[in-house]
Amino acid sequence: MLQRIQTLYLTIVLILSCLTLFSPVANLFNKEDLTFYEINYRGICLIENDSKTPVSSVWALTAISAIVPLVTLTTIFCYKKRMLQIRLSIFNLIIMIGYYVILFIYIWFATKNLPASHWNLKIVSAFPLINIILTILAMRAIVKDERLIKSLNRLR
């Protein structure tokens, strides 16, 4: 049912993952010549005079950031099929862990190939971690509902 606690958890995951998709995730900079780069859904962009010029693409990060809200939305509306919800949640967990792996690979390659020696993450980069925790909580609630339904079926 849509009024269950797992729906609330998954709705928060949906909102945070949409924010992650459209917000800058990290900054790269060089202290010597004051060049600044930003990693967002369009790629790694050079920031000069209030303009953002794309330098490199981060298509894998963008694809993962777009898949997470789609899978979450699908999970919310599969409320009658709890086992499918659990499988979709596990898939979503794997994708969100892969998000961090790909993010750090892009940051590592960017610091090697661009004149940027320092980097820092924005608060938005913590949203997938919060999403992982909320998805685990939603999975626990789905499993609890499944056990309740099975126990009620045994009583009949």
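Let's start with one residue: Thr35 counts as buried, because its relative accessibility is 17% and the cut-off for buried is under 20%. The model you are looking at is predicted. Besides Thr35, this briefing visits the cavities, of which the structure holds 2 of 30 Å³ or more.

**Around Thr35**
- Thr35 sits in strand β2, which covers residues 35-40.
- Its side chain comes to 3.4 Å from the backbone oxygen of Pro115.
- Leaving aside residues up to four places away in sequence, Thr35 touches Leu28, Phe29, Asn30 and Pro115.

**The largest cavity**
- The volume of the largest cavity is about 70 Å³.
- Helpful residues to find on screen are Ser17, Thr20, Ile64, Ser65, Val68, Met96, Tyr99, Pro128 and Asn131, which line the largest cavity.
- Two or more of these lining residues come from each of α1 (5-22), α2 (59-76), α3 (82-113) and α4 (127-155).
- The largest share, 3 residues, is given by α2.
- Sorted by class, this lining has 5 nonpolar, 4 polar and no charged residues.

**The second largest cavity**
- For the second largest cavity, the volume is about 50 Å³.
- Its lining is made up of Thr20, Leu21, Ser23, Val25, Asn40, Tyr41, Val58, Leu61, Thr62, Ser65 and Tyr99.
- The elements giving two or more residues to this lining are α1 and α2.
- Here α2 gives the most, with 3 residues.
- The lining of the second largest cavity divides into 6 nonpolar, 5 polar and no charged residues.

How values were computed. Residues numbered from 1 in each chain as written. Predicted model: local features only at pLDDT ≥ 70, side-chain atom pairs only at ≥ 80, totals over all residues. Heavy atoms only, no water. Helix = DSSP H or I, 4+ residues; strand = E, 2+ residues; numbered from the N terminus. Buried < 20%, exposed > 50% of the residue type's maximum accessible area, 1.4 Å probe, protein only. Polar contact = N/O pair within 3.5 Å; in protein donor to acceptor, adjacent residues only side chain to side chain. Contact = heavy atoms within 4.5 Å. 1 Å grid on protein atoms, 1.4 Å probe; cavity = no way out; pocket = protein on both sides within 12 Å on 5 of 7 lines; lining within 4 Å. Points joined across faces, edges and corners; volume = space filled by probe spheres on them. Nonpolar A, V, L, I, M, F, W, Y, C, P; charged D, E, K, R; others polar.
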